[in-house]
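User: I would like to understand how labels are given to parts of a structure. Please go through some of them with me and give the reasoning behind each.

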Amino acid sequence: MTEFWLISAPGEKTCQQTWDKLMVATTRTNNLSTNTKFNIPDLKVGTLDVLVGLSDELAKLSTFVESVVRKVAQYMADVLEDSRDKVQENLLANGVDLVTYITRFQWDMAKYPIKQSLKNIADIISKQVTQIDNDLKARASAYNNLKGNLQNLERKNAGSLLTRSLADIVKKEDFVLDSEYLITMLVVVPKTSYADWQKTYETLAEMVVPRSTKLLFEDNDSGLYSVTLFRKAVDDFKHKARENKFTVRDFQYNEEEMKADKEEMTRLSTDKKKQFGPLVRWLKVNFSEAFIAWIHIKALRVFVESVLRYGLPVNIQAMLLQPNKKNMKKLREVLYDLYKHLDSSAAIIDASMDIPGLNLSQQEYYPYVYYKIDLNLLDFKV
């Protein structure tokens with residue numbers, strides 16, 4: 001289960017009492033969730049007007065930062081290709097797995113100095129994550145172009161004999177070259193028609209060299225035959241071959257072109273390998289940065305929302321709950337009973353209800369401050 005609920009409630013006589021009450025209600029007797037304290041430092045509160053404005057800004061910023069976290073994670077999976085099962089071990093925050101990071105969350109004073117105003121801290125995060133987003137677009141675009149060009153070349157060198165590149169199949173000695181009169185042609189013949197080809201190829205045009213055909217290559221369905229004839233008979237030969245369901249491939253043996261194609265493939269393949277390591281390292285570092293920023297945004301939101309709801313002086317206990325999947329509905333009810341006195345207008349909403357047309361994530365409102373953190377960041381199951 002990779003879903004966490006980040007909640008806050010006002011301190012009773014002490015914040016420890018608030019924590020103890022939650023623990024008794026959710027873990028001591030009924031195993032509804034695994035809980036940890038979520039440490040938020042003494043941030044600068046500022047004026048009420050600023051907090052109200054900041055509440056909206058932080059909601060948008062949180063959505064943006066989460067989208068970048070997910071993009072970087074997903075792109076890591078795309079880049080790792082066949083090693084996708086390794087993606088999870090590369091998605092770390094500050095060198096530890098994500099669950100460890102959020103359950104032992106410590107505010108990063110160096111990155112986000114708490115002497116700054118809340119607005120300034122939000123701006124620092126916004127600039128930092130926008131930069132990561134822009135860099136990701138540039139790096140992904142360059143790497144995807146390289147990968148796309150390589151895949152196109154690989155596709156040309158695979159597939160059916162009717163369409164694939166023949167450069168890696170044929171050899172110089174398969175052709176009559178530099179002859180004024182003769183030309184070697186390549187013909188794709190279905191396997192079921194081999195006998196027909198052998199019987200008829202010499203008579204498809206008037207000037208076919210007898211016994212000149214040779215099977216050069218086979219795939220699952222067809223064979224590639226060479227045949228030598230006089231240049232002036234080419235059009236007639238092509239026409240008759242088509243009538244007999246033999247496909248003449250337009251191919252001229254050109255050593256320079258074939259060499260250039262092979263070199264291009266080697267170059268692209270080498271470039272891709274060269275870029276792979278640095279790109280994965282960049283993704284790991286910047287995933288960590290973006291994820292850390294995202295959790296700091298969550299902390300800011302809990303703080304701002306708690307001050308707006310519970311007032312001053314700041315006296316709140318932020319708590320991180322990892323719900324037991326089978327008991328989510330029950331956990332909601334227990335939390336409601338525990339905190340309903342904070343806001344009687346907050347009706348209980350069944351978090352597991354799916355009402356068509358109603359986006360519950362926008363509608364969720366509880367008597368306590370609540371934000372969900374979903375650590376399932378990838379669009380596929382590893």
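User: Why is Glu 81 called partly exposed?

Analyst: This is a predicted model, and in it Glu 81 has a relative accessibility of 29%. Buried means under 20% and exposed means over 50%. The value for Glu 81, 29%, lies in between, so Glu 81 counts as partly exposed.

User: What makes the contact of Glu 81 with Lys 272 a salt bridge?

Analyst: The closest N and O atoms of the pair are 3.1 Å apart. The cut-off is within 4 Å, for a side-chain nitrogen of Lys or Arg and a carboxyl oxygen of Asp or Glu, so the pair qualifies. Glu 81 sits in the loop between α2 and α3, while Lys 272 belongs to helix α8, so the salt bridge ties together parts 191 residues apart in sequence.

User: How do you know that Lys 111 and Glu 289 form a salt bridge?

Analyst: Their side chains meet at 3.4 Å, N to O. That is within 4 Å, so the pair meets the definition. Lys 111 is in the loop between α4 and α5 and Glu 289 is in helix α8, so this pair ties together parts that are 178 residues apart in sequence.

User: Are Lys 111 and Glu 289 buried or exposed, or in between?

Analyst: Lys 111 has 25% relative accessibility, and Glu 289 has 22%. Buried would require under 20%, and exposed over 50%. Lys 111 therefore counts as partly exposed, and Glu 289 therefore counts as partly exposed too.

User: What makes Asp 123 and Lys 119 a salt bridge, and where do they lie?

Analyst: The closest N and O atoms of Asp 123 and Lys 119 are 3.3 Å apart, within 4 Å, so the pair is a salt bridge. Both residues lie in helix α5, four residues apart, which is about one turn of the helix. Glu 57, Lys 119 and Asp 123 are linked in a network of salt bridges.

User: Why is Arg 211 called exposed, and what is Asn 31 called?

Analyst: Arg 211 has a relative accessible area of 74%, over 50%, so the label is exposed. For Asn 31 the value is 49%, between the two cut-offs, so Asn 31 is partly exposed.

User: What is noted about the phi of Asn 31 and of Arg 211?

Analyst: Most residues other than glycine have a negative phi. Asn 31 is not a glycine, yet its phi is positive, about 50 degrees. Arg 211, also not a glycine, has a positive phi of about 50 degrees.

Technical notes
Residues are numbered from 1 along each chain as its sequence is written. This is a predicted model: local features need pLDDT of at least 70, side-chain atom pairs count only at pLDDT 80 or more; totals for chains, interfaces and linings use all residues. Side-chain values use heavy atoms; hydrogens and water are left out. Helices (H or I, at least four residues) and strands (E, at least two) are DSSP runs, numbered from the N terminus. Buried means under 20% relative accessible area, exposed over 50%, partly exposed in between (1.4 Å probe, protein chains only).
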